[in-house]
Amino acid sequence: MAFAVLSRANELESQGRKIINLGIGQPDFATPINIVEAGIKALKDGYHGYTPSNGILELREAVSENIFESYKAQINPENILITPGGKPTIFFSILMFGDNNSEIIYPDPGFPIYRSMINFTGAKAVPLVLNEKNNFEIEIDKLISLITNKTSLIIINNPNNPTGSFMDKEKITKLIDKLNEFPNIAILSDEIYSKIIFDQKKMPSFLEYESIRDRLIVLDGWSKTFCMTGWRLGWSVWPQSLIKHANKLCTNDHSCPTSVSQYAGIEALKGPQEEINKIVIEFEKRRNLIYQKLNSIDNISCFKPGGTFYSFPNISKTGLNGQEFSTKALEEHGVALVSGTSFGLSAKDFVRISYANSIENIEKGIDIISQINN
Ligand code: PLP
């Protein structure tokens with residue numbers, strides 16, 4: 001797991017080892033200063049108490065406007081929940097749809113929380129294997145073949161963690177056309193990397209498709225886009241039939257999201273976006289570098305990620321599996337990576353490399369990685 005790698009890397013650093021961290025799942029940039037100042041102002045202005053459990057109206061309205069600007073989708077602020085980060089949305093939706101008698105389809109490789117939570121509810125976790133041959137995009141026929149009369153929820157994550165794969169509008173439209181044939185199955189679309197997309201492509205949100213709105217949950221938030229992982233602030237859109245229940249879970253679970261983070265969140269959405277745009281350009285530059293450097297190594301191959309700040313090279317030709325490779329990289333060479341096995345049963349031949357680090361460190365890290373062999 002990324003958190004375990006981080007903690008081991010910290011431990012080694014505290015023993016005096018120099019570690020290049022390419023394991024981390026958060027941007028290496030500070031939160032833009034205008035957002036920080038909005039948080040400080042909220043503290044000074046005395047916003048120290050509970051807020052409504054679904055988040056302050058002003059922020060939900062700002063999210064609704066942002067959704068409209070981005071996707072031309074009209075979402076009532078009443079259907080928006082503000083949560084402490086994106087994770088509660090995963091937790092709540094799987095909790096709602098998972099039980100001993102249901103099956104939930106999730107991407108493999110994928111964010112490990114999906115499978116862990118599905119197992120927790122007693123539901124059958126049904127992996128939708130994403131294939132390197134197919135640039136880790138969803139094979140629609142394969143997805144449809146996994147559906148049974150017990151399938152209660154399908155989880156999609158675009159752009160995808162850990163592979164960096166990005167499916168464009170044409171592909172998503174085909175997928176939705178098929179999903180229209182299964183109107184009783186709920187969909188969780190995890191779009192937390194929606195703003196970190198390269199090659200001038202446009203994010204196709206599931207919110208753009210009215211036909212699935214009555215069973216669609218969309219997760220997004222501030223963590224990755226605005227470099228705000230520690231502020232714990234996420235948003236989600238819920239269908240009319242579920243919003244009341246989701247809101248009750250918020251009240252029972254965490255009462256409300258952190259007050260000052262919400263005021264900072266308004267500034268993030270409504271304030272200047274130049275710094276955020278620059279960060280995405282920087283990530284794209286690093287993506288290009290990492291793609292070129294990894295593919296120049298004899299034993300390693302990597303497809304070109306279309307979004308996120310991850311790449312997912314195949315390291316099987318080194319004679320090591322992902323676990324062995326990442327252990328060797330950290331313990332013997334001081335480079336932190338995450339083994340593909342952390343992200344699913346299908347990914348033992350891969351490691352996840354995060355490029356949330358400087359160009360200089362990425363270059364050094366990959367030079368070191370190029371020497372790892374059995
Ligand atoms: N979904 C995916 C695919 C993620 O990679 C992450 C974080 O790494 C999250 C959701 C959760 O984000 P947050 O930190 O806002 O809870």
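**Salt bridges, a surface patch and a small sheet**

A total of 18 salt bridges is counted in this predicted model. Several of these contacts are described below, followed by a nonpolar surface patch and an open sheet.

One salt bridge is formed between aspartate 28 and arginine 286, whose closest N and O atoms are 3.0 Å apart. Distant parts of the chain are linked by this pair, as the two residues are separated by 258 residues. Aspartate 28 is located in the loop between strand 1 (20–21) and helix 2 (33–44), whereas arginine 286 belongs to helix 10 (residues 274–295). The two partners also fall into separate accessibility classes. Arginine 286 has a relative accessible area of 3% and is therefore buried, the cut-off for this class being under 20%. Aspartate 28, by contrast, counts as partly exposed because its relative accessibility is 35%.

A further salt bridge connects the side chains of lysine 41 and aspartate 45, with an N to O distance of 2.6 Å. Aspartate 45 is partly exposed, its relative accessible area being 44%. Glutamate 137 and lysine 171 likewise form a salt bridge, and 3.3 Å separates their closest N and O atoms. Glutamate 137 lies in the loop between strand 4 (124–129) and helix 6 (140–145), while lysine 171 is part of helix 7 (residues 169–179); the pair therefore ties together parts that are 34 residues apart in sequence. In addition, Asp28, Glu282, Lys285 and Arg286 are joined into one network by salt bridges that share partners.

On the surface, a nonpolar patch is formed by Phe91, Leu95 and Phe120, which together present about 280 Å² of accessible area. Of these residues, leucine 95 is situated in helix 4 (residues 87–97). Leucine 95 is classed as partly exposed because its relative accessibility is 32%, and a value of over 30% is required for a residue to be included in a patch.

An open sheet is built from three strands in the order 9-12-11, with antiparallel pairing. The edges are occupied by strand 9 (310–311) and strand 11 (338–339); each has a single partner strand, so one side of each remains without a neighbour in the sheet. In general, the strands of a sheet pair through backbone hydrogen bonds, in either a parallel or an antiparallel manner. The antiparallel pairing of strand 9 with strand 12 (residues 351–354) extends over two bridges. Serine 311 is positioned opposite isoleucine 353 of strand 12.

Methods
Residues are numbered from 1 along each chain as its sequence is written. This is a predicted model: local features need pLDDT of at least 70, side-chain atom pairs count only at pLDDT 80 or more; totals for chains, interfaces and linings use all residues. Side-chain values use heavy atoms; hydrogens and water are left out. Patches are made of residues with over 30% relative accessible area and no salt bridge: like charges are joined within 9 Å, nonpolar side chains (Val, Leu, Ile, Met, Phe, Trp, Tyr) within 5 Å. Accessible areas come from the Shrake-Rupley method with a 1.4 Å probe; for residues, only the protein chains shown count as cover. A salt bridge is a side-chain nitrogen of Lys or Arg within 4 Å of a carboxyl oxygen of Asp or Glu. Helices (H or I, at least four residues) and strands (E, at least two) are DSSP runs, numbered from the N terminus. Buried means under 20% relative accessible area, exposed over 50%, partly exposed in between (1.4 Å probe, protein chains only). Two strands pair if DSSP finds at least two bridges between them.
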